[in-house]
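Colleague: I would like to learn how to read a model of this kind feature by feature. Could we take the general idea each time and then the case at hand?

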Amino acid sequence: MNVTDRAPSPPDTVAPASAVLAVRGLGKEYRLYDTPRQRLKALFASGTHHRSHWALSDVSFELHRGQCMGLIGDNGAGKSSLLKLIAGTMQPTTGQVQRIGRVTAILELGAGFHPDFSGRDNLRFSAHLTGLDPEEIARLEPEIIEFSELGAAIDRPVKTYSSGMVVRLAFALVTAKQPDVLIIDEALAVGDQHFQKKCVERITAFRQNGCTILFCSHSQYHVRQLCDVALWLDAGRMRAHGSTDSVLAAYEAHVRAQDAASASAPSPGPEQAVAASPPPVLAGQRGRITRLAIDHLGPGTPPLLESRDLVVTVEAIVEGGETPHIAVMLEQSHGVGVTSVATHADGARPQAVGPDLWRSVCTFPDLPLHSGEYVVSAYLFDSKALVVYDQWYQHQHFRFHFPTLTPGLVRLPHHWS
């Protein structure tokens, strides 16, 4: 488990009074040598024998108490390097990191556990490494075990654990005590849905209690839900930094442009265009979508919407009597977003139509679209809209015809004077 837990910063690295974390001109250079001989020559001979690769260059930002910043970017953009530099597990080539208070970093959950030791032994040893004293460890141990849900397995060797059990123990340990700054690298990408929900709830509680969070994730939904600011890294440099919505919008446009540039296959054929097959049900999946349907679809490929209203019905099964939330997204068929709506955002809730069976019907009256091809996606969330249980992405394509040749995407309400 790669965890960093730092004591309050010394006076020469204290961040400005208004900032808990301040990053100034941060850069990280790696020196690349073509052969071992070149590396050896660099030790004893003058001159340049290497090529420079800057994993990170000139990154600066501040975070204040209670803020949560999402870190996004393509693979290899420098996100993990930035987190390691902030955590102190790697030293910068240029710039500095200024911190106030206790910093905890969740980088590789479970990577430091010894496989031959029991979960309890690993818990106690790793807790010492994070700076907890024996009294704190003894006090927090029952709570850590309870959160991890390992039960009697806590006294078995870790080598007998599944990867999910290791993750549960590691996360429970690292977050047993709230830090001043919490750094999270893809911690929500592992574990089952039930545990992901617990993780998000704990992170949310930390933030509400004033913890400053740096959250790196490929899940744009979680970034949007948890973060009030975002930073987009591209090839080691800051591409955008600001409000979460504005940064995610810029990044999504970048991803769409990448997809368009790399697309070499022809557009979907008739067998693909009408409706995608539902994804397989995963083992241990707490909830799943069972049906997505659009009323009044006629003939053709994709089918023609024979109504001025777009009526989308989504049905889902969620175990345990939990009332879920459902979202619907409407896009052009080539991926340009039109709108997305959700029951939790609109103060609505699905209807119970059977044991653990829920249904939502979303109606877009007098659909204000121009003629074109469109596609509908559906998403299923838990009761707090924190965890995505299931998604049917771009599941149902359809054509819409509006009898004008006016260009554009939507018909906005307007008047002339």
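Modeller: We will go through a sheet, a helix, the nonpolar cores and some salt bridges, and I should say at the outset that this is a predicted model.

Colleague: Let us begin with the sheet; in what order do the 4 strands lie, and how are they paired?

Modeller: The 4 strands lie in the order 14-13-17-18 in an open sheet, with antiparallel pairing. Strand 14 (337-342) and strand 18 (388-400) are the edge strands, each of them pairing on one side only, and from one strand to the next the twist averages 15°.

Colleague: How many bridges join strand 13 to strand 14, and how many join strand 13 to strand 17?

Modeller: Strand 13 (residues 325-332) is joined to strand 14 by 5 bridges, and to strand 17 (residues 372-381) by 8 bridges, the strands running antiparallel. On the strand 14 side, valine 328 has valine 341 as its bridge partner, while glutamate 331 is partnered by glycine 337. On the strand 17 side, the bridge partner of glutamine 332 is tyrosine 374.

Colleague: Is strand 13 mostly covered or uncovered?

Modeller: Strand 13 is mostly covered, with 8 of its 8 residues buried. If you look at its two faces separately, His325, Ala327, Met329 and Glu331 are buried on one side, and Ile326, Val328, Leu330 and Gln332 are buried on the other.

Colleague: Turning to helices, how far apart are the end C-alpha atoms of helix 6, and what span should its 16 residues give?

Modeller: The 16 residues of helix 6 (residues 193-208) should span 22 Å at 1.5 Å a residue, and the end C-alpha atoms are 23 Å apart, which agrees. Just after this helix, glycine 210 takes a positive phi of about 100°.

Colleague: Which residues of helix 6 are buried?

Modeller: The buried residues of helix 6 include Phe195, Cys199, Val200, Ile203 and Phe206, but also Lys197, Lys198 and Arg202.

Colleague: Why does arginine 202 count as buried, and what is arginine 202 in contact with?

Modeller: Buried means under 20% relative accessible area, and arginine 202 counts as buried because its relative accessibility is 15%. Once neighbours within four places in sequence are left aside, arginine 202, which lies in helix 6, is in contact with Glu143, Phe147, Phe171, Ala172, Thr175 and Ala176.

Colleague: What should I have in mind when I look for a nonpolar core?

Modeller: In soluble globular proteins, nonpolar side chains tend to be buried together. Here the largest nonpolar core has 74 residues, and Tyr161, Leu310 and Phe398 are those with the most contacts inside it. The largest share of this core, 9 residues, comes from helix 5 (residues 163-174). A second, separate core has 28 residues, among them Val20, Val59, Leu85 and Val229.

Colleague: Which residues is phenylalanine 398 in contact with, leaving aside its neighbours within four places in sequence?

Modeller: The contacts of phenylalanine 398 include Ile294, Leu297, Pro302, Pro303, Leu305 and Leu310, and also Leu330, Tyr374, Val375 and Val376. Of these, Leu330 is one of the buried residues of strand 13.

Colleague: And what is the idea behind a salt bridge?

Modeller: Side chains of opposite charge can pair when their charged atoms come close. In this model the count comes to 20 salt bridges. One of them joins the side chains of aspartate 155 and arginine 120 at 2.7 Å, N to O; aspartate 155 lies in the loop between helix 4 (134-148) and helix 5, and arginine 120 in helix 3 (residues 119-129), 35 residues apart. At 48% relative accessibility, aspartate 155 counts as partly exposed. Arg120 and Asp155 also belong to a network of salt bridges together with Arg124 and Glu141.

Colleague: Where do lysine 198 and glutamate 149 lie?

Modeller: Lysine 198 forms a salt bridge with glutamate 149, with their closest N and O atoms 3.0 Å apart. Because lysine 198 lies in helix 6 and glutamate 149 in the loop between helix 4 and helix 5, the pair ties together parts that are 49 residues apart in sequence. Lysine 198 counts as buried at 16% relative accessibility, whereas glutamate 149, at 39%, counts as partly exposed.

How values were computed. Residues are numbered from 1 along each chain as its sequence is written. This is a predicted model: local features need pLDDT of at least 70, side-chain atom pairs count only at pLDDT 80 or more; totals for chains, interfaces and linings use all residues. Side-chain values use heavy atoms; hydrogens and water are left out. Two strands pair if DSSP finds at least two bridges between them. Axes are lines fitted to C-alpha atoms, for helices over the stretch in contact, and angles run from 0 to 180 degrees between N-to-C directions. The expected span of a helix is 1.5 Å times one less than its number of residues. Buried means under 20% relative accessible area, exposed over 50%, partly exposed in between (1.4 Å probe, protein chains only). A nonpolar core is a set of buried Ala, Val, Leu, Ile, Met, Phe, Trp, Tyr and Cys residues joined through side-chain atoms within 4.5 Å. Contact means heavy atoms within 4.5 Å. A salt bridge is a side-chain nitrogen of Lys or Arg within 4 Å of a carboxyl oxygen of Asp or Glu.
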